Amino acid sequence: MTESYDMIVIGAGSGGVSCARRAALLGAKTAIIESNEVGGTCVIRGCVPKKLTWYASQFSKIPELAKGYGWSFSKPIFDWPKFVESRHHEVSRLSQIYIGMLKKAGVTLIKGRASFKSAHQISVGNKIISGKHIVIAIGNEGILPDISGANHAMTSRQLFECETQPKHIVIIGGGYIGVEFAAILKELGSNVTLVIRRDLVLRGFDEMIREAVQSNLQESGVQICINSEVSRISKSKKDYDIHLQTNCNPIKTSQITADAILFAIGRKPDFGPLGLDDMGVKTAHGLVSIDKNYATSVPHIYALGDCANHKNLTPVAIAEGRDLSEKLFGKKRRIIDYDTIPTAIFSVPEAGTVGLSEDVALEAYPNDIICYQSQFKPLKYTLTDINKKSVVKLVVQKSTN
Ligand code: FAD
């Protein structure tokens, strides 16, 4: 006999776990299916290990900072394998905590890869379960380009599994993931080359942030190849040759040799195993198409988080998961304002933003925008030789101030 649930959630990441827990706490009989470790991208191979690595990178600054305050240290040495092991322990501990939270809420956890058997039935291995409501929360995965030699490169998932520190890494992609890894790995002592398609990193962010982050990367010693793309990769003895094409007139070609390559050029959900087409669940531009209530083209099948929205952030997936369960089984619905989501970039130094960039604000409110901008040396640096500045900008609507 197939076991029946009020709700089946596919994917135990940020969105899936929050959705399943809230549903179960509201009294719904709930199952969650996970093919990897419980916790998903954020906990296992995203925000959490990244932030731990960012913290690791900050210790390299201490001798330089502390000198101005009367301290002296001998040359610091970073032990990559030791750090990777500690980070792995912490991530595993957090995964166990997530499992405990699901259990405590009364959610049934099923390990394995889910696929649709019928509109209300899900198969996992040789088990079949049925659900009144089904939620797709499968997240997404980093992609590799379709070029020769791409198999020699990593995505962020594999970078977190690297047992040895790259001596020279070429990172392709100027979005926040590429930028963060470039800044962090440079601080940890790797040589870093960042290859970006445009002339500035962080497309979509305010110009001030883009310029400040890029100049800080360059000052720290990250080599940035602008207007460039990788055309192919070849193996050379122990290293790899990365062949670049730079878009200028005439097009320039060049080659970089490195022992590690990271592509951070975008992420896509893996719908393959689910069999969405057979169920009539529509997708568009690589995402599940949903309405404002997270319903897909099949009304009892829902989707949320990275596989359905363009704001690939943990708090967004969590908020959507809780909201859907409140809609189905509770009363406390929340309206998510996708325009005012605060975002941080874990570059060195870090950057943060909320609301509209100047460009977008000017487009939305022509002739009605005023910007206030300031630069200052942080107090912490005043006793040191570090000459870094903090910058801050307010984008204000003139008529309402
Ligand atoms: P996920 O957390 O990806 O969970 C989906 C789960 O579904 C996975 O565990 C997967 O194994 C499982 N799954 C997939 N297919 C199946 C199947 N067929 N059957 C069963 N299980 C399946 N966000 C922030 O807010 N702040 C940050 O600092 C930040 N840093 C990041 C750094 C990196 C390197 C990356 C890659 C991401 C980062 N993110 C950050 C984004 C954040 O991790 C995601 O937005 C968030 O995890 C999305 O949650 P989700 O539930 O949609 O998907």
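How many residues lie in the hairpin that joins β12 to β13? The connection runs through 5 residues. The model under discussion is a predicted one, and this hairpin offers a convenient point of entry to its sheets.

Strand β12 covers residues 239–246 and is joined to β13 by 7 bridges, the two strands running antiparallel. Within this pairing, Thr246 stands opposite Lys252 of β13. Both strands belong to an open sheet of 3 strands, ordered β11-β12-β13 and paired in the antiparallel sense. Its edges are formed by β11 (228–236) and β13 (252–258), each of which pairs on one side only. On average, neighbouring strands of this sheet are turned by 25 degrees against each other, with direction ignored. As a general point on such elements, the side chains of a regular strand alternate between the two faces of the sheet.

A further open sheet is built from 4 strands in the order β10-β9-β8-β14, and here the pairing is parallel. The edge positions are taken by β10 (223–225) and β14 (260–263), each pairing on one side only. From one strand to the next, the twist averages 20 degrees. Strand β8, residues 168–172, pairs with β14 over 4 bridges in the parallel sense. One position in that pairing can be traced by residue: Val170 has Ile261 in β14 as its bridge partner.

The discussion now turns to the ligand. There are 36 residues around the ligand, and those that come nearest are Gly15, Glu34, Thr41, Lys50 and Asp306. By class, the shell divides into 13 nonpolar, 16 polar and 7 charged residues. Several elements of secondary structure contribute: α1 (14–25), β2 (30–34), α2 (40–45), α3 (47–58), α7 (176–187) and α10 (314–329) each supply at least two residues of the shell. Of these contributors, α2 gives the most, with 4 residues.

Individual polar contacts add detail to this picture. Glu34 places a polar side-chain atom 2.6 Å from an oxygen atom of the ligand. For Lys50, a polar side-chain atom likewise lies 2.6 Å from a ligand oxygen atom. Asp306 takes part through its backbone, where a polar atom is 2.8 Å from an oxygen atom of the ligand. On its own the ligand has 1000 Å² of accessible area, and the protein covers 96% of that area.

Which residue meets the side chain of Lys50 in a salt bridge? The partner is Glu180, with an N to O distance of 2.9 Å. Because Glu180 lies in helix α7 and Lys50 in helix α3, the pair ties together parts that are 130 residues apart in sequence. Side chains of opposite charge can pair in this manner when their charged atoms come close. The count of salt bridges in the model comes to 11. Lys50 thus appears in two settings: its side chain meets that of Glu180 in a salt bridge, and a polar atom of the Lys50 side chain lies 2.6 Å from an oxygen atom of the ligand. The two helices that hold this pair, α7 and α3, are also among the elements that each supply at least two residues of the shell around the ligand.

Definitions and conventions:
Residues are numbered from 1 along each chain as its sequence is written. This is a predicted model: local features need pLDDT of at least 70, side-chain atom pairs count only at pLDDT 80 or more; totals for chains, interfaces and linings use all residues. Side-chain values use heavy atoms; hydrogens and water are left out. A residue is near a molecule or strand if one of its heavy atoms lies within 4 Å of it. A polar contact is a pair of N or O atoms within 3.5 Å; within protein, one must be able to donate a hydrogen and the other to accept it, and residues adjacent in sequence count only if both atoms are side-chain atoms. Accessible areas come from the Shrake-Rupley method with a 1.4 Å probe; for residues, only the protein chains shown count as cover. Ala, Val, Leu, Ile, Met, Phe, Trp, Tyr, Cys and Pro count as nonpolar, Asp, Glu, Lys and Arg as charged, and the others, Gly among them, as polar. Two strands pair if DSSP finds at least two bridges between them. Axes are lines fitted to C-alpha atoms, for helices over the stretch in contact, and angles run from 0 to 180 degrees between N-to-C directions. A salt bridge is a side-chain nitrogen of Lys or Arg within 4 Å of a carboxyl oxygen of Asp or Glu.
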